Amino acid sequence: MSKNKVLAILAANTEAVEKIAPEEYLTAEGISEMVGIQRNTTSQYLNEFIKEGLAIKVKSRPALFYHKATFEERFFEPQQAVYDGFSQLLDEKRNNDSKNSEVFSSVIGAHSSLQMVVDQIKASVYYPGTGLPIMFHGDTGVGKSLLARKTYEFCVEQGLVEPEAPFLELNCAQYYHNEELLSSILFGYKKGAFTGAEENQVGLLEAADQGVLFLDECHRLSPESQEKLFTFIDNQHFSRMGENNKLRKSKVRLIFATTEDIQDNFLRTFVRRIPITINIPSLQERTSQEISEYIYTFLIQESRKFNKEIIVTPWIMNRLMSLNYRDNVGELKNLIKIICAGAYGRQNNQKQVIISAESLEESLMSRFLSLKEIDNIEDTDLLVSPESQITDFIHTDTAESLMINGIFKVFEKLFQQYQIEEVTEEYLVQQLSREATTVVEMLVYEDNEEKNTLKLLRNTVKELVNFLESSFFIKMRGNSIVALTSYLYKRSSFIFDIPKLSQKQLEEIKEFISINLLMESKLLNALLELLESKLDVTLTDSEKVLLTFYLKGLDLEVKKPEVRGVILAHGFSTASSIADVVNRFMDEHLFDSFDMPFNVSLEKVKEYMNHYIKSNDCSKGLVILADMGSLMFLADSMEQLSGPLLIMNNVTTQQALFVGEMLKKKTDLEIIAEKIADHMPFEYKMTYPAKEQELMIVTVCQTGLGAAQQLKEFLQSSIPEETGFHVEAVDYHYLKKYGRENSLFKMYEVQGIVGTADPGVADIPYVALEDLISGHGQEMIDRIFSEVKDEQIRKTINNNLVRNLSIERLISAVTILDVKRVISYIDEVMDRFERHAKFTLTNSKKAILYVHIAGLVERLIRNQEVTHYSGETRPQDRKLMILSESLEILESAYNIEISEYELNYLYDIIFDC
């Protein structure tokens, strides 16, 4: 009952709050007095409410608590459960107020290409006092004057200036040739200051007191006026002309605008006083949707002036969208005004004004016809009426907001399916990683010219990523760094569209990530810690979830050996210190670590190692270095162990370095164990998973493991999965020396060895690579695959071996063809020929035909046809006709015609003529 009473009192106290500020009745002590229970009990209840999402906390002295739902009704929706202080809560309120502002919503592009412009304006006006002076920089007609007016309206809306505060504007270019007059208008003058000064005159600086003064074309200000202005910016004092001994004070928010280069046209001392320069993009740099919004807006304005409907043909609309407007928005507006006026004058007596190619003046028609590239965006007539609204033509949901909301709906749906066991962990990770990768890359796609800020940010992120790569022994692709940088750069444009996960959802997802995306989570947290310290960037929990799955989708290249290693040691950082020394010394992530508390139970250690085996591929083997003999029990306790396990006790840095060096050299675990026993006084135990031995083929090469690995991949792609055969590359010299002592022979039933030289392992069949290529190794291949009883599967293996070996040749020989595609067509040709001609091609013959026919197709595509044939022609030969019909598959696929010469060459190859 007391817990419910605490919640009720918290709600009532929050309801009583007039403004967000420290209040005694919002503290744990104040609430406990009202409820009549002990303070620590109240604190416990309040912290439980926070975990349940019912309350929020502000870490002040003392801590304050609000009822979340009531707070949301009174003020705004809080994005966090716990705030570090009132300043953080107030900053969020300000951002929320700013986000909900109606002033900039009417500015086209405010949530896309002008998002950063709007953010900079808001940041400058919120600066204490009179805000920071702003300099708008951009070409003629980009909308500098409009933004200045909107800045004033925003100040009024946010209560930064009074509703009746003045907004004054001066175009300095109008007085360019009379500097004294310009100065007198700006600063005012005293009676008698100059000839004609018959009375005292208030200047704009004085008249704009408590308001906003906008100086357009300010590059026309003389150096003297600039000096006076920067003095005013420093101390809000100025003097009228002729008042040398009198200072006047005025509180004015200053906005400047220029089309010229700032460094070349202003005093350095003046530029230093204007800390925020806002670059307004030209119309050419704006999005196509924004350009269309301008066109619709201006057409609606003209329709209201005419009080008539306007119909615009697609021909006109698409060309309006494609024109290059040198004078930007102003030129577009005037062009639409001219087009509408011309059409209206010709159709004055009509109910509708139709704008088509026929209604254009000759000069405009010439300009429209000169366009070479046109985007066909509109395909139907556009009808605009005096009652039309811009929302009738523009979808309010942005692509970004739709994508972001879509991905989190997918997250929610898939997690629900996972919880009721409709989908597996693997499927969930795969799907969410794919979705996150797609969304992040689409969100950050940038086709405009790269900004300097983005370049600097990328350099910073790259520097941090380089540090993390060396710390985590991973490799991130260059385009992923670009994507992460662009995400951080553009996140302000879509951050408010990211849904907030409930506390329950968040806890469930975090738990899932801690098990299934542990490395990606650690990497992201490390990156964010560095970013927060360097760039003052703080991501929401929802963003962290999104980016964790994005990192998973990158399939990060982790520099880990095939055989995994773990160091287990008691103490605060004993295991991690040893692992760190070995990993850095070997320049490879050889060992993971588990720093165990001294009172940890053996059951807890077992639980950790079973989780490790589940989360990591240990099929090639696992080495555990433990600090106590009691942990040797793990050798017989590991569940789901899929590879050999070597465990040793009394771990030291020396021992770990010794083992790490052999792991890096890919030494077999049996050999590591023997050498350890010979050189160091350690106990060890070697165990193998209790499972039925599976079939395996070993590949070797005298030149090293690299070639053996390539041969392994070649064999793997040739053997169907249903055979159950595994393929493993082994060092030739090692196999020759140790033979069956290799742990592979204890885990698998090795059926044969394929390679460039016979290592001489007793009772294991060997097939030479050259015999495989020539087709002479057929008998030995049949022996190796004797366990495969299905004759059709053995035939498939045989065909695959010949075909895939030819593919390897084709990769270097065929340069303009899709190798897999041409191979599949050649397969069809040979299969059709064998069936109709009742003729079986040998392996060696098939290999030659793969190479020759692929080369033939490439020649014909390049128009390099063979023009002569010196052999015997066979116009009536039945098999030649069958061959010709079989090749029609290729002729149709590549739109080529195989000549009689080429046909006879193929006949000679098949029948050894």
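**Exercise 1. Is asparagine 307 buried, partly exposed or exposed?**

Solution. Keep in mind as you work that the model is a predicted one.
Step 1: Locate the residue. Asparagine 307 sits in the loop that runs between α13 (288–306) and β13 (309–312).
Step 2: Take its relative accessibility, which is 58%. Exposed means over 50%, so asparagine 307 counts as exposed at 58%.
Step 3: Look at the backbone too. Asparagine 307 is not a glycine, yet its phi is positive, at about 55°.

**Exercise 2. Place glutamine 236 in the chain and assign its exposure class.**

Solution. Step 1: Glutamine 236 belongs to the loop between α10 (223–235) and β9 (237–238).
Step 2: Its phi is near 60°, a positive value in a residue other than glycine.
Step 3: The relative accessible area of glutamine 236 is 23%. Buried needs a value under 20% and exposed a value over 50%, so glutamine 236 is partly exposed.

**Exercise 3. Describe the chain as a whole.**

Solution. Step 1: Count the elements; there are 38 helices and 26 strands.
Step 2: Of the 913 residues in the chain, 48% are buried.
Step 3: Turn to the surface. The chain exposes about 46,700 Å², and 47% of that comes from carbon and sulfur atoms.
Step 4: Consider the contacts between residues at least 6 apart in sequence. Of these, 72% join residues at least 24 apart.

**Exercise 4. Which residues have the most contacts inside the largest nonpolar core, and which helices supply it?**

Solution. Step 1: The largest nonpolar core has 47 residues, and Met476, Phe549 and Tyr550 are those with the most contacts inside it.
Step 2: At least two residues of this core come from each of α17 (399–419), α18 (425–443), α19 (452–472), α20 (478–490), α21 (503–516), α22 (518–535) and α23 (541–553).
Step 3: Zoom in on phenylalanine 549. Leaving aside neighbours within four places in sequence, phenylalanine 549 is in contact with Phe411, Val429, Leu432, Ser433, Ala436, Phe512, Ile513 and Leu517.
Step 4: Do not stop at one core. A second, separate core has 34 residues, including Leu299, Leu323, Ile339 and Leu364.
As background, nonpolar side chains tend to be buried together in soluble globular proteins.

**Exercise 5. Describe how α1 packs against α2.**

Solution. Two packed helices are described by the angle between their axes and the distance between the axes.
Step 1: The axes of helix α1 (residues 2–16) and helix α2 (residues 28–35) come within 10 Å and cross at roughly 115°. The crossing is right-handed.
Step 2: On the α1 side the contact uses Ser2, Lys5, Val6, Ile9, Leu10 and Asn13, and on the α2 side Ile31, Met34 and Val35.
Step 3: Sorted by class, this contact has 6 nonpolar, 2 polar and 1 charged residues.

**Exercise 6. Now do the same for α34 and α36.**

Solution. Step 1: Helix α34 (residues 819–837) and helix α36 (residues 878–886) have axes that come within 9 Å and cross at roughly 150°. This crossing is right-handed.
Step 2: Val829, Arg832, Phe833, His836 and Ala837 of α34 meet Arg878, Lys879, Ile882, Leu883, Glu885 and Ser886 of α36.
Step 3: By class, the contact has 5 nonpolar, 2 polar and 4 charged residues.

**Exercise 7. Characterise three buried residues: leucine 89, alanine 21 and asparagine 742.**

Solution. Step 1: Leucine 89 lies in helix α5 (residues 86–99) and is buried, with a relative accessible area of 0%. Neighbours within four places aside, leucine 89 is in contact with Ile20, Val58, Tyr66, Phe71, Phe76 and Tyr83.
Step 2: Alanine 21 is in the loop between α1 and α2. Buried means under 20%, so alanine 21 counts as buried at 15% relative accessibility. Apart from neighbours within four places in sequence, alanine 21 is in contact with Leu26, Tyr66 and Phe86. Alanine 21 and phenylalanine 86 are 65 residues apart in sequence and 7.6 Å apart in space, C-alpha to C-alpha.
Step 3: Asparagine 742 lies in the loop between α29 (732–738) and α30 (744–747) and is buried at 4% relative accessible area. Not counting residues up to four places away, asparagine 742 touches Asp668, Val730 and Tyr734. From asparagine 742 to glutamate 670 is 72 residues in sequence and 7.1 Å in space, C-alpha to C-alpha.

Key. Residues are numbered from 1 along each chain as its sequence is written. This is a predicted model: local features need pLDDT of at least 70, side-chain atom pairs count only at pLDDT 80 or more; totals for chains, interfaces and linings use all residues. Side-chain values use heavy atoms; hydrogens and water are left out. Helices (H or I, at least four residues) and strands (E, at least two) are DSSP runs, numbered from the N terminus. Buried means under 20% relative accessible area, exposed over 50%, partly exposed in between (1.4 Å probe, protein chains only). Contact means heavy atoms within 4.5 Å. Accessible areas come from the Shrake-Rupley method with a 1.4 Å probe; for residues, only the protein chains shown count as cover. Axes are lines fitted to C-alpha atoms, for helices over the stretch in contact, and angles run from 0 to 180 degrees between N-to-C directions. A crossing is left-handed if the near helix is turned anticlockwise from the far one by less than a right angle, and right-handed if clockwise. Ala, Val, Leu, Ile, Met, Phe, Trp, Tyr, Cys and Pro count as nonpolar, Asp, Glu, Lys and Arg as charged, and the others, Gly among them, as polar. A nonpolar core is a set of buried Ala, Val, Leu, Ile, Met, Phe, Trp, Tyr and Cys residues joined through side-chain atoms within 4.5 Å.
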